[in-house]
Amino acid sequence: MKIAVLAGDGIGPEIIAQALRVMEALGKHGLKFELSHGAVGGAGFDAAGDPLPAETLKICEGADAILFGSVGGPKYDSLPRAQRPEQGLLRLRKHFDLFANLRPATVFPELASASTLKPEVVAGLDILILRELTSDIYFGQPRGVRTNEKGEREGFDTMRYTESEIRRIGKAGFEAARKRGKKLCSVDKANVLETTQFWRDIMIDEHKNYPDVELTHMYVDNAAMQLIRNPKQFDVIVTGNMFGDILSDEASMLTGSIGMLPSASLNAKGFGMYEPIHGSAPDIAGKGLANPLATILSLAMMLRYSLNQAKAAERVEAAVRKVLQQGLRTADIAQPGQATVSTSQMGDAVVAAL
Ligand code: NAD
């Protein structure tokens with residue numbers, strides 16, 4: 001399995017180093033990884049004057065999946081937009097047509113008290129939000145500010161989804177549900193918006209290909225409420241770009257800890273980029289304080305969704321659970337007064353648990 005490793009900036013290299021140690025440990029049990037490292041973000045700019053150097057893109061094109069750390073930092077904030085670190089990320093998404101953004105929100109029982117919600121509401125939570133990433137009102141034309149026929153200025157955007165765009169994210173939702181609890185909830189606003197009534201019709205039609213998965217529908221306002229009221233009722237949620245933007249951030253905060261949350265962005269062929277949802281954390285970079293678990297859990301997602309290694313994915317997730325049960329905590333997930341471990345000590349513990 002060929003993996004492009006793009007560590008990036010800030011804490012990126014520190015957290016990726018721990019994920020690589022986990023891969024090495026898996027390698028001793030039969031999985032063969034061939035790693036190629038590429039510079040991206042600020043590191044890409046430093047190395048080649050470009051946040052996505054041609055050499056890095058070539059490495060990614062030859063890989064089965066991309067493992068991504070994080071990009072950005074104050075050093076690069078005053079660069080022209082095209083040279084900013086985040087352009088590396090956006091260009092990768094565009095180049096590989098990574099239209100499906102998967103964000104699991106999992107609450108390990110040991111960390112239930114880190115959430116702002118009552119522990120009994122979130123303990124054991126395990127849901128997946130699937131957000132369409134390349135269409136919807138964020139990209140629809142026309143858009144802008146104009147003067148209307150009454151002579152008043154107005155702002156406008158266009159919500160738009162083509163049938164093929166809905167079908168491919170629908171398929172990704174059904175496939176993801178198949179690999180989990182076989183329940184898919186499609187979130188829309190079909191009572192008000194034509195585009196999302198169309199979305200619902202296509203989801204119902206696509207369901208014919210996945211009779212083993214239960215499909216339900218929910219209006220987005222209700223979904224926002226249900227995520228807080230009883231988040232454990234969901235397995236996989238699939239939704240459009242704008243609703244997914246909002247609901248995935250809401251869901252991530254159910255878990256209370258940014259250092260624990262992995263993500264995947266996939267294209268129609270199952271090729272994907274895997275990264276923690278957090279940024280490069282310049283405030284703690286180089287201090288050994290970063291929590292590497294979001295990156296290690298991103299590796300587990302890579303094993304499951306791009307490499308078809310579900311058993312290995314479960315082993316990695318079980319190892320993470322074990323170290324949490326053993327009471328190991330980096331500073332971001334520790335209770336006040338609780339002893340903490342460094343980034344590499346957390347990596348040591350996961351490798352030992354594996
Ligand atoms: P951030 O996610 O980097 O940090 C927010 C807070 O969370 C900070 O206090 C940080 O110390 C903490 N934190 C983040 N990850 C952690 C981890 N693994 N362990 C422990 N603590 C952690 O967000 P920010 O401060 O808004 O952005 C910093 C830089 O990262 C900016 O340049 C921004 O553009 C970039 N960024 C990159 C990505 C990405 O690469 N996908 C995402 C978001 C932000």
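**Note on the predicted model: Asn291, the ligand shell and two further sites**

1. The side chain of Asn291 comes within reach of the backbone oxygen of Gly259, at 3.3 Å, and a second contact of this side chain is made with the backbone nitrogen of Leu293, at 2.9 Å. The reader should keep in mind that this is a predicted model. Asn291 sits in the loop between strand E12 (272-276) and helix H10 (293-305).

2. Is Asn291 buried or exposed? Its relative accessibility is 4%, and because buried means under 20% relative accessible area, Asn291 counts as buried. Leaving aside residues up to four places away in sequence, Asn291 touches Ile15, Gly259, Met260, His278, Thr330, Asp332 and Ile333.

3. Asn291 also belongs to the surroundings of the ligand, where, of 19 residues, Val71, Gly279, Ala281, Asp283 and Asn291 come nearest. The shell around the ligand is made up of eight nonpolar, eight polar and three charged residues.

4. Which atoms of the ligand lie close to polar side-chain atoms of Glu275, His278 and Asp283? For Glu275, a polar side-chain atom is found 3.4 Å from a nitrogen atom of the ligand, and for His278 the corresponding distance, again to a nitrogen atom of the ligand, is 3.1 Å. In the case of Asp283, a polar side-chain atom lies 2.9 Å from an oxygen atom of the ligand. The ligand taken alone exposes 810 Å², of which the protein buries 66%.

5. Turning to the aromatic residues, the structure holds four aromatic pairs, one of which is formed by Phe174 and Tyr210. The ring centres of Phe174 and Tyr210 are 4.9 Å apart and the planes stand at 5°, so this pair is stacked, given that planes under 30 degrees apart count as stacked. Phe174 lies in helix H6 (residues 163-178), whereas Tyr210 lies in the loop between helix H7 (194-206) and strand E9 (214-219); with their positions 36 residues apart, the pair links distant parts of the chain.

6. Both partners of that pair are buried, Phe174 with a relative accessible area of 0% and Tyr210 with one of 6%.

7. A last point concerns Gln87, which is found in helix H4 (residues 85-95). Gln87 has 18% relative accessibility and therefore counts as buried, since the cut-off for buried is under 20%. When residues up to four places away in sequence are not counted, Gln87 touches Pro51, Arg81 and Ala82.

Notes
Residues numbered from 1 in each chain as written. Predicted model: local features only at pLDDT ≥ 70, side-chain atom pairs only at ≥ 80, totals over all residues. Heavy atoms only, no water. Near = heavy atom within 4 Å. Polar contact = N/O pair within 3.5 Å; in protein donor to acceptor, adjacent residues only side chain to side chain. Areas by Shrake-Rupley, 256 points an atom, 1.4 Å probe, with all protein chains shown as cover. Nonpolar A, V, L, I, M, F, W, Y, C, P; charged D, E, K, R; others polar. Helix = DSSP H or I, 4+ residues; strand = E, 2+ residues; numbered from the N terminus. Buried < 20%, exposed > 50% of the residue type's maximum accessible area, 1.4 Å probe, protein only. Contact = heavy atoms within 4.5 Å. Phe/Tyr/Trp six-rings, centres within 6.5 Å; stacked < 30°, edge-to-face > 60°.
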